[in-house]
Every structure is written in C-alpha cells, then in structure tokens.
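Please open the structure in your viewer and keep the sequence beside it. This tour proceeds one selection at a time and states what is to be found at each stop.

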Amino acid sequence: MATIDECRAALEKLSDNMRGAEGDVGAAAALERSVSCHITDLGITFAGRMTGGRLVVDETLPGPPRERAQIRLAMAGDDLLALVDGKLHFAAAWGQGRVRLEAGLLDLFRLRKLL
C-alpha cells in the first residue's frame, strides 16, 4: 500500500509533468481550479489548486474532502502512483471504477487532454 509521502511525491511529479506540457495538454494544465484528491485506502485528502500550469497542494486533510473542489479525484494510493508513473491508463482505471473524477462538463472536456 502506498504511503502518504509517496502519494504526495506522485502529485508533485504530476505537477512537474503538467508544467512541461505543450499544445492542447498545456492548455488543459493551465486551468485555474480548486482540486481535491481523496486517497481512499489511506483515508486522506490532498486539497489545493491547479494554477499557473501546476498542481499546488495546500493541505493534507483526514477523511474525505471537507469542501467541494471544482475538480475532484478519488482513488487508492497505489493507483495514483501507477497513473503518474504511466503504468495505469486513466481511461482504463476510470472505466473499471478504480478512479473517480468529478468536475463541470467544460472542465471534463479540457481535462481529457491532460489525463
């Protein structure tokens, strides 16, 4: 099972990947939105923002998200690590119910290029 530190490192790696993205992917990464990532097996939520083409984690909270972020993810820690490392494809994980993504319709269209 992934640890909190490993999950935080994976989100930092995702942020670095987003910052270097170009074209349509770069445009999707440039959204200015609140974000939460609930790690279901650890019972924690990383809360922050997508801003300036990066993902900035402001706090780590126990339990599910307290506030409704504009972009909400939920998954197991091992799945987060596999997604960021390219070992798990987002569409397959989402189709299997391993990853939940909730956002407004326009954001979902933009995020599909990023994910």
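A residue is called buried when its relative accessible area is under 20%, exposed when that area is over 50%, and partly exposed in between (1.4 Å probe, protein chains only). The model is a predicted one: local features need pLDDT of at least 70, side-chain atom pairs count only at pLDDT 80 or more, and totals for chains, interfaces and linings use all residues. Residues are numbered from 1 along each chain as its sequence is written, and side-chain values use heavy atoms, with hydrogens and water left out.

**First stop: strand β1**

Select residues 33-39, which form β1. Strands (E, at least two residues) and helices (H or I, at least four residues) are DSSP runs, numbered from the N terminus. How many of the seven residues of β1 are buried? The count is seven of seven, and β1 is thus described as mostly covered.

Now display the side chains. In a regular strand the side chains alternate between the two faces of the sheet. In β1, R33, V35, C37 and I39 point one way, while S34, S36 and H38 point the other way. The residues of both groups are buried.

**Second stop: the neighbours of β1**

Add residues 44-51, which form β2. Two strands pair if DSSP finds at least two bridges between them. β1 and β2 run antiparallel and are joined by seven bridges. Two places to inspect are I39, whose bridge partner in β2 is I44, and H38, which stands opposite T45. β2 is also mostly covered, with six of its eight residues buried.

Next, add β4, residues 71-75. In which sense does β4 pair with β1? The pairing is parallel and extends over five bridges. Select C37 to find one of these contacts: its bridge partner in β4 is L73.

**Third stop: two hairpins**

Return to the turn between β1 and β2. This hairpin has four residues between the strands, and G43 takes a positive phi near 65°. D41 also lies in this loop; with a relative accessible area of 32%, D41 is partly exposed.

Continue along the chain to β3, residues 54-62. β2 and β3 pair in the antiparallel sense over eight bridges, and the bridge partner of G48 in β3 is V57. The hairpin of β2 and β3 has two residues between the strands, and here G52 takes a positive phi near 60°.

**Fourth stop: salt bridges**

A salt bridge is a side-chain nitrogen of Lys or Arg within 4 Å of a carboxyl oxygen of Asp or Glu. The structure holds five of them, and the tour visits some of these.

Select D85 and K13, whose closest N and O atoms are 3.0 Å apart in a salt bridge. D85 lies in the loop between α3 (77-84) and α4 (90-95) and K13 in helix α1 (residues 4-19), so the pair ties together parts that are 72 residues apart in sequence. D85 is partly exposed, at 42% relative accessibility, and K13 is likewise partly exposed, at 37%.

Select R54 and D16 next. Their salt bridge has its closest N and O atoms 3.3 Å apart. The pair links distant parts of the chain, with R54 in strand β3 and D16 in helix α1, 38 residues apart. R54 has a relative accessible area of 25% and is partly exposed; D16 is partly exposed at 38%.

Then select R72 and E102, a salt bridge with its closest N and O atoms 3.1 Å apart. This pair also links distant parts of the chain: R72 is in strand β4 and E102 in strand β5 (residues 99-103), 30 residues apart. Is R72 buried or exposed? R72 is buried, with a relative accessible area of 13%, whereas E102 is partly exposed at 36%.

**Last stop: helix α5**

Select residues 105-114, which form helix α5. Two residues of this helix may be compared. L111 is buried, with a relative accessible area of 3%, whereas F109, also found in α5, is partly exposed at 45%. Finally, select A9 together with L111: their C-alpha atoms are separated by 21 Å, and the two residues are 102 residues apart along the chain.
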